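Open the model in your viewer and keep the selection box handy. We'll hop from one spot to the next, and each stop says what to pick and what to look for.

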Amino acid sequence: MKQMEVVGVRVEMPSNQPIVLLKETAGDRYLPIWIGAVEATAIAFAQQGVLPARPLTHDLFRDVLEALSVQLRTVNITALREGIFFADLVFSNGVEVSARPSDSIALALRTGATIFASEDVLEEAGVAIPDEQEDEVEKFREFLNTISPEDFGRAG
């Protein structure tokens, strides 16, 4: 398993499909995962520190874990089958729960859990971006700074 960091979310054109982009912490591979608009909003809210007036689903899940004295330790993106990514939530009590990577990432950002991706997933779907192309990644980061969660649709 390789540790990953969340670069951010954006809308892929012309399909108008949101993606979350992860980057290998100790490497040059990026992992794009196509996600839903609600999850894109949840990830963007967490990255930007937006606190909604009432808890959204991922905030509620974090609060329930806290109330039960259980911590989310890691998110493991474990597989890619027929174009669908799979992840596991690993909790402090040893329990593991299968989940969508988009929900897992949104929850990890709220709880401080570490995100990992399996080597198999990175080999199949990871994109290596050499240092000379890092300016493209920087442009992506600049783009992320110009959008708001509302750009992904209704945040309801």
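Colour the protein chain by accessibility to begin: 42% of its 156 residues are buried, where buried means under 20% relative accessible area, exposed means over 50%, and partly exposed is in between (1.4 Å probe, protein chains only). This is a predicted model, so local features need pLDDT of at least 70 and side-chain atom pairs count only at pLDDT 80 or more, while totals for chains, interfaces and linings use all residues. Residues are numbered from 1 along each chain as its sequence is written, and side-chain values use heavy atoms, with hydrogens and water left out.

Now switch to cartoon. You should find five helices and eight strands in the protein chain; helices (H or I, at least four residues) and strands (E, at least two) are DSSP runs, numbered from the N terminus. Along the sequence they come in the order β-β-β-α-α-β-β-β-α-β-α-β-α. Contact here means heavy atoms within 4.5 Å. Of the contacts in the protein chain between residues at least 6 apart in sequence, 57% join residues at least 24 apart.

**Stop 1: the core**

Select Val20, Leu22, Leu31, Ile77 and Ile115. These have the most contacts inside the largest nonpolar core, which has 32 residues. A nonpolar core is a set of buried Ala, Val, Leu, Ile, Met, Phe, Trp, Tyr and Cys residues joined through side-chain atoms within 4.5 Å.

Zoom in on leucine 31. What is leucine 31 in contact with, leaving aside its neighbours within four places in sequence? The list includes Met4, Val20, Leu22, Ile77, Phe85, Ala117 and Val121.

**Stop 2: helix H1**

Pick residues 37–48, which make up helix H1. Try the ruler on its end C-alpha atoms: they are 16 Å apart, which agrees with the 16 Å that twelve residues should span at 1.5 Å a residue. That expected span is 1.5 Å times one less than the number of residues.

Next, show the side chains of Glu39, Ala40, Thr41, Ala42, Ile43, Ala44 and Phe45, which are buried in H1. What do the buried residues of H1 pack against? Strand S1 (2–12), strand S2 (17–24), H2 and H3.

Step just past the end of H1 to glycine 49, which takes a positive phi of about 70°.

**Stop 3: the loop between H1 and H2**

Carry on to proline 55, in the loop between H1 and H2. Proline 55 has a relative accessible area of 40-something, 44% to be exact, so it is partly exposed. Beyond residues up to four places away in sequence, proline 55 touches Leu60 and Asp63.

Leucine 56 lies in this loop too, but its 18% relative accessibility means that it counts as buried. Draw a C-alpha to C-alpha distance from leucine 56 to alanine 42: 7.9 Å in space, with their positions 14 residues apart in sequence.

**Stop 4: charged pairs**

Time to show the charged side chains. There are seven salt bridges, counted when a side-chain nitrogen of Lys or Arg is within 4 Å of a carboxyl oxygen of Asp or Glu.

- Select arginine 110 and aspartate 59: their closest N and O atoms are 2.7 Å apart. The pair links distant parts of the chain, with arginine 110 in helix H3 (residues 101–111) and aspartate 59 in helix H2 (residues 57–67), 51 residues apart. Both are buried.
- Select glutamate 119 and arginine 29, another salt bridge at 2.8 Å, N to O. Glutamate 119 is in helix H4 (residues 119–125) and arginine 29 in strand S3 (residues 29–34), 90 residues apart. Glutamate 119, at 27% relative accessibility, counts as partly exposed, whereas arginine 29, at 15%, counts as buried.
- Select arginine 100 and aspartate 103, whose closest N and O atoms are 2.9 Å apart. Then add Asp59, Arg62, Asp63 and Arg110, which salt bridges with shared partners join into one network.

**Stop 5: a charge over a ring**

Go to arginine 81 and phenylalanine 86. The charged end of arginine 81 sits over the ring, 4.0 Å from its centre; the rule asks for NZ of Lys or CZ of Arg within 6 Å of the ring centre and within 35 degrees of the ring normal.

**Stop 6: valine 95**

Finish at valine 95, in the loop between strand S5 (84–91) and strand S6 (96–99). Is valine 95 buried or partly exposed? Partly exposed, because its relative accessible area is 40%. Valine 95 touches Leu89 and Val90, not counting residues up to four places away in sequence.
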